[in-house]
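Work through the exercises below with the sequence and the 3D structure open beside you. Try each task on your own before you read its solution.

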Amino acid sequence: MSVLKKINRVIAYTAVFSVFLLVETFAAFSQENIKTVNDSAFKKRTRPQVAFSHDAHNEKALIDECNVCHHMFENGKPLDDDDSIGMECSECHYSKTQDAVADLIRVYHLQCSGCHLQQKSGPVVCGECHRKE
């Protein structure tokens, strides 16, 4: 086999491997792989983490727009053309006051359970979301 053919073969294998690696990397960071609701502000948990399959939830709930859940506000008004994807809820809804964690928990419950109550669909009782694995 000539040197040129060997080089071409190495380049081809490298390209295929690179594409595979790139696809796997994007899949690892995509929303569909989210399995739990996490927020670094919760240092000590009193209940199990909420199991959550992002894409399955949105398909079932017929949610197409990210900012339905990942909202952004400016001067107290929602921004229809912006979202908070990639941010933890605690980045906006948490301060280092004594009741901060309780306030953050209320925010999560208002966002999730509030929507479930409004839509008359989905879990609203603690144990329906906070399940032991």
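Before starting, locate isoleucine 7, which is found in helix H1, made of residues 3-29, and keep in mind that the model is a predicted one.

**Exercise 1. A patch on the surface**

Task: Decide whether isoleucine 7 is buried, partly exposed or exposed, and find which residues form a nonpolar patch with it on the surface.

Solution: Begin with the relative accessible area of isoleucine 7, which is 45%. Since buried means under 20% and exposed means over 50%, isoleucine 7 counts as partly exposed. Next, look for its partners: Val3, Ile7 and Ile11 form the nonpolar patch, and together they have about 290 Å² of accessible area.

**Exercise 2. An aromatic pair**

Task: Find how many aromatic pairs the structure holds, and classify the geometry of the pair formed by phenylalanine 42 and tyrosine 108.

Solution: The count comes to 1 aromatic pair. In this pair, phenylalanine 42 and tyrosine 108 lie 5.7 Å apart from centre to centre, with 50° between the planes. Planes under 30 degrees apart would count as stacked and those over 60 as edge-to-face, so the pair of phenylalanine 42 and tyrosine 108 is tilted. The pair also links distant parts of the chain, because phenylalanine 42 sits in the loop between H1 and helix H2 (54-61), whereas tyrosine 108 belongs to helix H3 (residues 100-119), 66 residues apart. As a last step, check the burial of each residue: phenylalanine 42 is buried, with a relative accessible area of 17%, and tyrosine 108 is buried as well, with 15%.

**Exercise 3. A serine in a loop**

Task: Place serine 90 in the chain, and list the residues that it touches, not counting those up to four places away in sequence.

Solution: Serine 90 lies in the loop between strand E2 (77-78) and H3. With a relative accessibility of 10%, serine 90 counts as buried. Leaving out residues up to four places away in sequence, the contacts of serine 90 are Asp39, Ala41 and Leu104.

**Exercise 4. Cysteines without a bond**

Task: Explain why cysteine 89 and cysteine 115 are too far from the closest cysteine sulfur for a bond.

Solution: A disulfide requires two cysteine sulfur atoms within 2.5 Å. The sulfur closest to that of cysteine 89 belongs to cysteine 112, and because it is 7.7 Å away, it is too far for a bond. For cysteine 115 the closest cysteine sulfur is in cysteine 69, at 6.4 Å, which is also too far. A search of the whole structure accordingly finds 0 disulfides. Cysteine 89 is partly exposed at 32%, and cysteine 115 is partly exposed at 29%.

Notes
Residues numbered from 1 in each chain as written. Predicted model: local features only at pLDDT ≥ 70, side-chain atom pairs only at ≥ 80, totals over all residues. Heavy atoms only, no water. Patch = residues over 30% accessible without salt bridge, like charges linked within 9 Å, V, L, I, M, F, W, Y side chains within 5 Å. Areas by Shrake-Rupley, 256 points an atom, 1.4 Å probe, with all protein chains shown as cover. Salt bridge = Lys/Arg side-chain N within 4 Å of Asp/Glu carboxyl O. Helix = DSSP H or I, 4+ residues; strand = E, 2+ residues; numbered from the N terminus. Buried < 20%, exposed > 50% of the residue type's maximum accessible area, 1.4 Å probe, protein only. Phe/Tyr/Trp six-rings, centres within 6.5 Å; stacked < 30°, edge-to-face > 60°. Contact = heavy atoms within 4.5 Å.
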